[in-house]
Amino acid sequence: VDVVLIGPGDLMIDVKTRGYGMDRHEALCLEVAKAAKETGVAAGYVCGTEEMADRRIAQGFRFINYGLDHAILMAGMAGVAAHANKHRK
């Protein structure tokens, strides 16, 4: 194993089904980062914002999946639509 990647939404679904909340989610993330460091495996996290990426990097995560595919797609399409609307008559 080279990388262990946390999908935060998937993890939160599991955490909530067990009756816990955000504090438990965060504790588990930090536990993964610690275990990854101890074993030499890169800890990864899917980050939707620059702030989250910076925070996870500071916590020891070394594999950052920055940007969510649907958010990137929507932002790109918004740019295309804005350009098209400038030429609308």
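Hi everyone. The protein on the screen has 4 helices and 3 strands. Before we go further, please keep in mind that this is a predicted model. Reading from the N terminus, the elements come in the order β-α-α-β-α-β-α.

Let's begin with the overall dimensions. Taken along the principal axes, the C-alpha atoms fill a box of roughly 60 × 30 × 20 Å. For a compact globule of 89 residues you would expect a radius of gyration near 12 Å, but this protein has 17 Å. As for burial, 22% of the 89 residues count as buried. The exposed surface adds up to about 6600 Å², and carbon and sulfur atoms supply 59% of it. One more global number, for those of you who like contact maps: take the contacts with a separation of 6 or more, and 40% of them are accounted for by residues 24 or more positions apart.

Now to the charged side chains. How many salt bridges does the count come to? The count comes to 4. Let me walk you through some of them.

I'd like to start with Glu 26, which lies in helix H2. Glu 26 forms a salt bridge with Arg 56, and the closest N and O atoms of that pair are 2.9 Å apart. Glu 26 sits in helix H2, residues 22-39, while Arg 56 sits in helix H3, residues 50-58, so this pair ties together parts that are 30 residues apart in sequence. Are these two partners buried or exposed? Glu 26 is buried, and Arg 56 is buried too. For Glu 26 the relative accessible area is 15%, and it counts as buried because the cut-off is under 20%.

What else does Glu 26 touch, once we leave aside its neighbours within four places in sequence? Glu 26 is in contact with Arg 55, Arg 56 and Gln 59.

Staying in helix H2, we also have Glu 38 and Lys 34. These two form a salt bridge whose closest N and O atoms are 3.6 Å apart. Why is the spacing along the helix worth a look here? Glu 38 and Lys 34 are separated by about one helical turn, because they are 4 residues apart in helix H2. Both ends are out in the open in the accessibility numbers: Glu 38 is exposed, and so is Lys 34. Coming back to Glu 26 for a moment, salt bridges that share partners join Glu 26, Arg 55 and Arg 56 into one network.

Another pair to point out is Asp 14 with Arg 18. Their salt bridge has its closest N and O atoms 3.0 Å apart. Asp 14 is partly exposed, with a relative accessible area of 33%, whereas Arg 18 counts as exposed at 58% relative accessibility.

While we are on acidic residues, have a look at Asp 10 in helix H1, which covers residues 8-17. At 60% relative accessibility, Asp 10 counts as exposed. If you want a distance to check in your viewer, try Asp 10 to Thr 39: the two are 29 residues apart in sequence, and 24 Å apart in space from C-alpha to C-alpha.

On to the cysteines. How many disulfides does the count come to? The count comes to 0. Why is Cys 29 not bonded to another cysteine? The closest cysteine sulfur to that of Cys 29 is in Cys 47, and at 9.7 Å it is too far for a bond. A disulfide would need the two sulfur atoms within 2.5 Å. Seen from the other side, Cys 47 is in no disulfide either, with the sulfur of Cys 29 as its nearest cysteine sulfur. As for accessibility, Cys 29 is buried, with a relative accessible area of 0%. Cys 47 is buried as well, and its relative accessible area is 0%.

Last stop, the nonpolar surface. Val 3, Leu 5 and Phe 63 make a nonpolar surface patch of about 240 Å². Val 3 belongs to strand E1, which spans residues 3-6. With a relative accessible area of 35%, Val 3 is partly exposed. That value lets Val 3 into a patch, because patch residues need over 30% relative accessible area.

That's my tour. Thanks for listening, and I'm happy to rotate the model for anyone who wants another look!

Technical notes: Residues numbered from 1 in each chain as written. Predicted model: local features only at pLDDT ≥ 70, side-chain atom pairs only at ≥ 80, totals over all residues. Heavy atoms only, no water. Patch = residues over 30% accessible without salt bridge, like charges linked within 9 Å, V, L, I, M, F, W, Y side chains within 5 Å. Areas by Shrake-Rupley, 256 points an atom, 1.4 Å probe, with all protein chains shown as cover. Helix = DSSP H or I, 4+ residues; strand = E, 2+ residues; numbered from the N terminus. Buried < 20%, exposed > 50% of the residue type's maximum accessible area, 1.4 Å probe, protein only. Rg over C-alpha atoms; globule rule 2.2 N^0.38 Å. Contact = heavy atoms within 4.5 Å.
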